[in-house]
Amino acid sequence: MNRFWHETISELTPYTPGEQPINRPQLKLNTNENPFGPSPKVIDAIKENINAELRLYPDPESEDLKKTLAQYYHLSKQSVFVGNGSDEVLAFIFQAFFQGKKLLFPDITYSFYPVYCKLFSIDYKLIPLEENFEINLEKYNLEHGGVIFPNPNAPTGIPMNLNCISDFLHKNQNTIVVVDEAYVDFGTDSALCLIEEFDNLIVTQSFSKSRSLAGLRVGCAFAQPELIEAISRVKNSFNSYPLDRLAQAAAIAAIQDENYFKKTTKKIIDARSFLEQELRNMNFNVLPSGANFVFTCHATWHAKHIFEQLRSHGILVRYFIKSNRIENFIRITIGTKIQMQTLAKVLKQII
Ligand SMILES: Cc1ncc(COP(=O)(O)O)c(C=O)c1O
């Protein structure tokens with residue numbers, strides 16, 4: 001600790017993202033990126049916007065992007081917020097609604113949540129997943145100041161039924177409930193249809209996964225206008241221009257190219273089914289996934305061994321070294337069918 005550091009800073013344990021190796025591995029399946037590039041229309045939109053207008057600040061409110069998202073999801077523009085990746089959007093939400101409150105989230109979930117809690121001095125309680133790694137919202141019916149969980153959950157990939165979320169919202173109308181839908185487009189039902197009914201629901205989504213724009217950093221939140229107004233207040237007290245001109249143009253083009261989106265997400269879902277079957281044939285236990293990754297453990301070989309062996313073959317997957325309950329699991333990002341065939345072939349050699 002440096003003598004100029006504030007106590008809060010010295011006590012922080014920052015989030016550790018999955019490795020981004022300088023020398024490209026043969027197969028990078030560790031950070032849930034999309035194996036297909038963004039839509040060609042997205043690339044065109046970026047190219048069109050590489051011009052002298054870049055000397056100007058971007059639209060601080062990303063009005064066109066919000067309008068596009070609002071139309072796409074049949075919501076009002078005032079129900080949409082956009083930011084620099086859903087990580088930033090989540091940070092604003094934590095700051096806007098949870099400071100001084102007790103937040104509940106699963107014990108095994110996206111590891112950025114406790115980091116934001118520490119940063120913003122938010123108290124939190126971890127609610128254990130069930131034995132089968134499912135989130136049981138019945139366990140959240142206790143005194144609290146807010147709830148957040150991903151659907152599907154990360155890193156398990158397990159999707160939750162929309163009826164469970166709706167029931168929970170009926171029982172918990174006085175605190176904010178955030179559903180983090182970073183991976184929702186890979187076969188999980190979205191809670192967006194509940195926004196009109198519940199004034200305490202916030203849904204966040206990401207352009208990093210199904211829209212293949214992790215490198216541009218675009219995320220969004222949807223809620224009733226008064227909640228969006230609060231998130232915007234935080235944003236405008238921090239950074240007026242979170243989305244640059246290229247990101248705004250690209251995100252609009254990504255939403256508009258529905259065919260490409262449908263085609264690529266279907267390919268990923270099909271490749272996931274293929275890999276799940278291959279893994280099961282090799283004696284892996286694969287948790288049900290509604291995401292672009294699977295969470296799996298082998299009947300005999302330890303996850304660390306598999307992770308290291310794959311790495312020595314140039315294949316990078318995610319291994320959560322620190323966590324007891326999941327230390328025997330690896331998380332594998334779904335790539336193309338050919339990539340999944342390569343992975344399966346190498347796994348057969350290893351085990
Ligand atoms: C559950 C979950 N939420 C949010 C994010 C953040 O996504 P991004 O900031 O790239 O939009 C991630 C990233 O991996 C995630 O796993």
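In what order do the strands of the open sheet of 7 strands stand? Select that sheet to begin, keeping in mind that the model is predicted, and trace the strands across it in the order 2-8-7-6-5-3-4, where the pairing is mixed. At the edges you will find strand 2 (80–83) and strand 4 (123–127), each of which pairs on one side only. If you look along the sheet, neighbouring strands are turned by 20° against each other on average, with direction ignored.

**The two edges of the sheet**

Next, select strand 4 together with strand 3 (residues 102–106); these two strands run parallel and are joined by 5 bridges. Colour F105 and L126 here, since L126 in strand 4 is the bridge partner of F105.

Then move to strand 2, which runs antiparallel to strand 8 and is joined to strand 8 by 4 bridges. Within this pair, V80 stands opposite F222 in strand 8. In a regular strand the side chains alternate between the two faces of the sheet. Show the side chains of strand 2 and turn the view: V80 and V82 lie on one side, F81 and G83 lie on the other, and all of these residues are buried, with both faces of the strand covered. Add helix 7 (residues 225–235) to the selection, and you will see the helix lying across strand 2, strand 7 (201–206) and strand 8 (219–222), at about 25° to strand 2.

**The ligand**

Now select the ligand and its surroundings, a shell of 13 residues among which G85, S86, D87, S206 and S208 come nearest. By class, this shell holds 5 nonpolar, 6 polar and 2 charged residues. Highlight helix 4 (residues 85–97) as well, because this helix gives the most to the shell, with 3 residues.

**The two domains**

Colour the chain by domain, with domain 1 covering 7–37 + 259–350 and domain 2 covering 51–257. Between their centres, taken over C-alpha atoms, there are 24 Å. Where the domains meet, 31 residues of domain 1 and 25 residues of domain 2 take part in the contact. On the domain 1 side, helix 9 (258–281) and strand 10 (293–298) are the elements that give two or more residues, and helix 9 gives the most, with 6 residues. That side of domain 1 is made up of 16 nonpolar, 10 polar and 5 charged residues.

**The smaller set of strands**

Select next the open sheet that 4 strands form in the order 9-10-13-12, with antiparallel pairing. Strand 9 (284–286) and strand 12 (318–319) each have a single partner strand, so one side of each is left without a neighbour in the sheet. Strand 12 is joined to strand 13 (residues 330–333) by 2 bridges, and the two run antiparallel; in this pair, Y319 has I330 as its bridge partner. Bring helix 9 back into view, since it packs on this sheet, touching strand 9 and strand 10, and its direction makes about 145° with that of strand 9.

**A last stop at T296**

Finally, centre the view on T296, which is found in strand 10. Is T296 buried or exposed? T296 is buried, because 24 other C-beta atoms lie within 10 Å, and a residue counts as buried at 20 or more. Leaving aside residues up to four places away in sequence, T296 touches L279, F284, N285, V286, F329, I330 and I332. For L279, which is 17 residues from T296 along the chain, the separation between the two C-alpha atoms is 8.4 Å.

Technical notes: Residues are numbered from 1 along each chain as its sequence is written. This is a predicted model: local features need pLDDT of at least 70, side-chain atom pairs count only at pLDDT 80 or more; totals for chains, interfaces and linings use all residues. A residue is near a molecule or strand if its C-beta atom, placed from the backbone, lies within 6 Å of it. Ala, Val, Leu, Ile, Met, Phe, Trp, Tyr, Cys and Pro count as nonpolar, Asp, Glu, Lys and Arg as charged, and the others, Gly among them, as polar. Domain bounds come from an automatic or database domain assignment. Two residues are in contact if their C-beta atoms, placed from the backbone, lie within 7 Å. A residue is buried if 20 or more other C-beta atoms lie within 10 Å of its own, exposed if 12 or fewer, and partly exposed in between; C-beta atoms are placed from the backbone. Two strands pair if DSSP finds at least two bridges between them. Axes are lines fitted to C-alpha atoms, for helices over the stretch in contact, and angles run from 0 to 180 degrees between N-to-C directions.
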